[in-house]
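I opened this entry to look up three things: one helix, the contact between two chains, and the salt bridges. My notes follow in that order.

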Number of protein chains: 2
Amino acid sequence: MASKAVTVNEALDRALPPGHPERLLESMRYSLLAGGKRVRPMLALAACELVGGDEAAAEPVACAVEMVHAMSLVHDDLPCMDDDDLRRGRPTNHVAFGVSTALLAGDALLALAFEHLARGCADRGVPADRALRAVAELAGAVGAGGLAAGQVVDLASEGADVGLATLEYIHVHKTARLLEAAAVCGAIVAGGDDEEVEGIRRYARYVGLLFQVVDDVLDVTRTSEQLGKTAGKDLATDKATYPKLMGVDGARAYAAELVASAEAELDRFDAARTEPLRHLARFIAYRQH
Amino acid sequence: MASKAVTVNEALDRALPPGHPERLLESMRYSLLAGGKRVRPMLALAACELVGGDEAAAEPVACAVEMVHAMSLVHDDLPCMDDDDLRRGRPTNHVAFGVSTALLAGDALLALAFEHLARGCADRGVPADRALRAVAELAGAVGAGGLAAGQVVDLASEGADVGLATLEYIHVHKTARLLEAAAVCGAIVAGGDDEEVEGIRRYARYVGLLFQVVDDVLDVTRTSEQLGKTAGKDLATDKATYPKLMGVDGARAYAAELVASAEAELDRFDAARTEPLRHLARFIAYRQH
């Protein structure tokens, strides 16, 4: 997995070289190349290999989903949204570059995701109909059926008495949908059939929820220094979280259930190829930051 | 042209029905269905027909470029950007829905543009390789080589002593690139050959500059009521404009040159099919708001 992360980071660096206007490009690179776990690209590459595809075919998908993810972090951190100053141990984009540049860098990262996906697939000889399905799938994870919907409902829920159904809605849209798109697009460009694609979608949905449950648990159990971002923020803003609704132990038990459900979805595939995705689910479940 | 505008408005309404989350969808529809001249969709439809395509093939392109345009207006109007309260005679999106919803509505409109383009082309039997080229072309007009670049340089130029080269850079990126993408994508999905596509690109580039020159002239010669948006704003913020750099008469003469150059690019095409694009160039040149 460490070697895949290096591959992804190199591909991202090539996909977004420094350029003009300098300030905009610097701001985009600041957030895209800031490190992070690269979970979404990993998922895309692993899903591609799961259905027998070559890793190279999924590189444009891997980069594109990470561009979308970077955009969502830059916009979510803005003063009019979550108003966060710290991300991955560094000042957030708008603190470093100003609000207007950060907003535009986010827009430009989102556009670049689709440009890179379309051109990258064409350059690699991915059949155009598969690439086009991936464009639609990824776009669907961003807008009113994905990230933006999750964030709107999340903001509207702050301070409100939110139940488990709303919490799940928020996380499915803010987190799981993009992880799902990463995996599904990885499988689509590799030529996975409909049954394979839907199996991978369910796996990714479980992993997406798992990701958020673990995030919520870490927010209450770790310090800012350990996380590289402001800890205890959910409690301070009285946000609905899994630990708040289920207790920390309840949330941990739910996480264990989700790992098991995700792994069960992999049983239909060639066992030799499922190891990276099993590993990824466990990595997400047992990470410490 | 009036009947084409009705077609476009109906298609946009179908492409973005009310839904959940209500507030997000309302905010998106507020800006996308606010009327406006629909110049970009017209351009897409007319370019499609210019190369012998059927109008229906370019409908997804027409809607997608208007979604991108609506996004750019919503984000440009935000307090951290141009801080505008009035747009098309109504409160701007963030005044009506709040800053965070407006920002997310813009993100969601941008994503929807690519989803609608990809799915719409597939549904209409547009060959996938053409649709994929259109995705890349449209995306390229939005990010660091298009809208975002123009806006970053525009914001950095406020109050500065800006020359004609920078002014032209701003307008090529903020305005002309998207008009160009509209026309080029319309021709691509219709199966136009490379020479046709490049001719249309040059036509659209002239029209794009023309559009901005006329906008600048109107800003100093018309009232807010006549324009449906805040007039005299460029002067108030000491923004570089064509009238400021060339005088109002000089800017009007430049506009006349641009119309002639745009029309000259159409001479290579079947004369019977060029009328809508000639009409569009003149409409943009002689409009009063």
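I call a residue buried under 20% relative accessible area, exposed over 50%, and partly exposed in between (1.4 Å probe, protein chains only). Helices here are DSSP runs of H or I with at least four residues, and strands are runs of E with at least two, numbered from the N terminus.

I am working on a predicted model, where local features need pLDDT of at least 70, side-chain atom pairs count only at pLDDT 80 or more, and totals for chains, interfaces and linings use all residues. Residues are numbered from 1 along each chain as its sequence is written, chains are lettered from A and ligands numbered from 1 in the order in which they are written, and side-chain values use heavy atoms, with hydrogens and water left out.

**Helix α6 of chain A**

I looked up α6(A) and found it mostly covered, with 21 of its 25 residues buried. I then checked its length. The expected span of a helix is 1.5 Å times one less than its number of residues. For residues 99-123 of chain A that gives 36 Å, and the end C-alpha atoms are 35 Å apart, which agrees. After α6(A) comes Gly125(A), with a positive phi near 70°.

**Chain B against chain A**

I took contact as heavy atoms within 4.5 Å. Chain B gives 41 residues to the contact and chain A gives 41 residues. For area, I used the accessible area (1.4 Å probe) that two parts lose on being put together, summed over both. About 3300 Å² is buried between chain B and chain A, and carbon and sulfur atoms give 83% of that. On the chain B side, Leu104(B), Leu132(B) and Val152(B) lose the most area to chain A, together 17% of what that side buries.

Which elements of chain B give two or more residues to the side that touches chain A? I listed α2 (22-32), α4 (59-77), α6 (99-123), α7 (128-140) and α8 (147-157). α6(B) gives the most, with 12 residues. I sorted that side by residue type: Ala, Val, Leu, Ile, Met, Phe, Trp, Tyr, Cys and Pro are nonpolar, Asp, Glu, Lys and Arg are charged, and the others, Gly among them, are polar. The split on the chain B side is 30 nonpolar, six polar and five charged.

**Salt bridges**

My criterion is a side-chain nitrogen of Lys or Arg within 4 Å of a carboxyl oxygen of Asp or Glu. Over all chains I have 43 salt bridges. Between chain B and chain A the count is zero.

I looked at some pairs. Glu180(B) and Arg205(B) meet at 3.1 Å, N to O. Glu180(B) lies in α9 (residues 164-189) of chain B and Arg205(B) in α10 (residues 194-221), so this pair ties together parts that are 25 residues apart in sequence. Glu180(B) is buried at 3%, and Arg205(B) is partly exposed at 38%.

Arg201(B) and Glu198(B) also form a salt bridge, 3.0 Å from N to O. They sit three residues apart in α10 of chain B, about one helical turn. Arg201(B) is buried at 14%, while Glu198(B) is partly exposed at 33%.

In chain A, I noted Arg282(A) with Glu275(A), whose closest N and O atoms are 4.0 Å apart. Arg282(A) is partly exposed at 34%, and Glu275(A) is partly exposed at 42%. I also found a network of salt bridges linking Glu137(A), Arg177(A), Glu180(A), Glu198(A), Arg201(A) and Arg205(A).
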